[in-house]
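Me: Please give a close account of how the charged side chains in this structure are paired and where they sit. I should like the criteria stated along with the values.

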Amino acid sequence: MSAAFDTRAVLAAVAARIKATVTGVEVELTPERASSWRLNHPRAALLVDYRGSRYGQPQRMGLVAQPRTVQIGVNVVARTLNDAYGAVALVDAVRAALLGWTPPHCKALAAASDRFVAEEGGLWFYEIVFEAETLAIEDRESAALPVLTRGSADYGFEMEDITP
């Protein structure tokens, strides 16, 4: 786990994982203008988004580090409900693709919830939410310390000079 955690890279990796394992539907990140998005695929779309994070108690070990639980959502938009590419089957397929899979700089994903959202204009909307644990670490520049140029090491049986 890294101090340089990149949420966008995690979302891209999740979308790539779904694309590789759930075929026959559109997979993309939730668009910037979600209100104007339209389902153009003949079957369905899976839209990946960042839902937020929860943070645990900070640990102070010379720098601040906190447990972080990242929430990632997948919105299922399907033209049918119960066939092979229907909303119910796609929720199951997304869960199978992501449950236990490990995104960059995180522990394995766990399913947090799934639910029916709405049916509008012949489209079925469901969502499934996953959580991954990581560590939030403060981004601190290294102190300007002198460079080691000469030293010695004691291995318990002999002394050795170390010179770069």
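Reply: The account below begins with the overall layout, then turns to the charged side chains, and ends with the pocket.

This is a predicted model, in which local features need pLDDT of at least 70 and side-chain atom pairs count only at pLDDT 80 or more, while totals for chains, interfaces and linings use all residues. Residues are numbered from 1 along each chain as its sequence is written, and side-chain values use heavy atoms, with hydrogens and water left out.

The protein contains 2 helices and 8 strands, where helices (H or I, at least four residues) and strands (E, at least two) are DSSP runs numbered from the N terminus. Read from the N terminus, the order of elements is α-β-β-β-β-α-β-β-β-β. Of the 164 residues, 33% are buried; buried means under 20% relative accessible area, exposed over 50%, and partly exposed in between, with a 1.4 Å probe and protein chains only.

Side chains of opposite charge can pair when their charged atoms come close. The criterion here for a salt bridge is a side-chain nitrogen of Lys or Arg within 4 Å of a carboxyl oxygen of Asp or Glu, and the count by this rule is 8.

Strand 5 (110-120) takes part in two of the pairs described here. In one, D114 forms a salt bridge with R95, with the closest N and O atoms 3.3 Å apart. This pair links distant parts of the chain, since D114 lies in strand 5 and R95 in helix 2 (residues 87-98), 19 residues apart. D114 is partly exposed at 41% relative accessibility, and R95 is likewise partly exposed, at 25%. In the other, R115 and E127 meet at 2.6 Å, N to O. R115 belongs to strand 5 and E127 to strand 6, 12 residues apart, and this pair too links distant parts of the chain. R115 counts as partly exposed because its relative accessibility is 45%, whereas E127, at 12%, counts as buried. Both residues belong to a network of salt bridges that also includes D49 and R51.

A further salt bridge joins D6 and R8 at 3.7 Å, N to O. D6 is partly exposed at 30% relative accessibility, while R8 is exposed at 65%.

R68, in strand 4, presents another situation. R68 is buried yet has no salt bridge, and the nearest side chain of opposite charge, D6, is 8.8 Å away; for this purpose Lys and Arg count as positive and Asp and Glu as negative, with His and the chain ends not counted. The side chain of R68 does make a polar contact of 3.5 Å with that of T7. A polar contact is a pair of N or O atoms within 3.5 Å; within protein, one must be able to donate a hydrogen and the other to accept it, and residues adjacent in sequence count only if both atoms are side-chain atoms.

Strands 4, 5 and 6 also each supply at least two residues to the lining of the largest pocket. A pocket is an open set of points on a 1 Å grid over the protein atoms alone, where a 1.4 Å probe fits, with protein on both sides within 12 Å along at least five of seven lines; lining residues have an atom within 4 Å of a point. The lining comprises 16 residues, with A34, W37, L47, V77 and F125 nearest the centre of the pocket.
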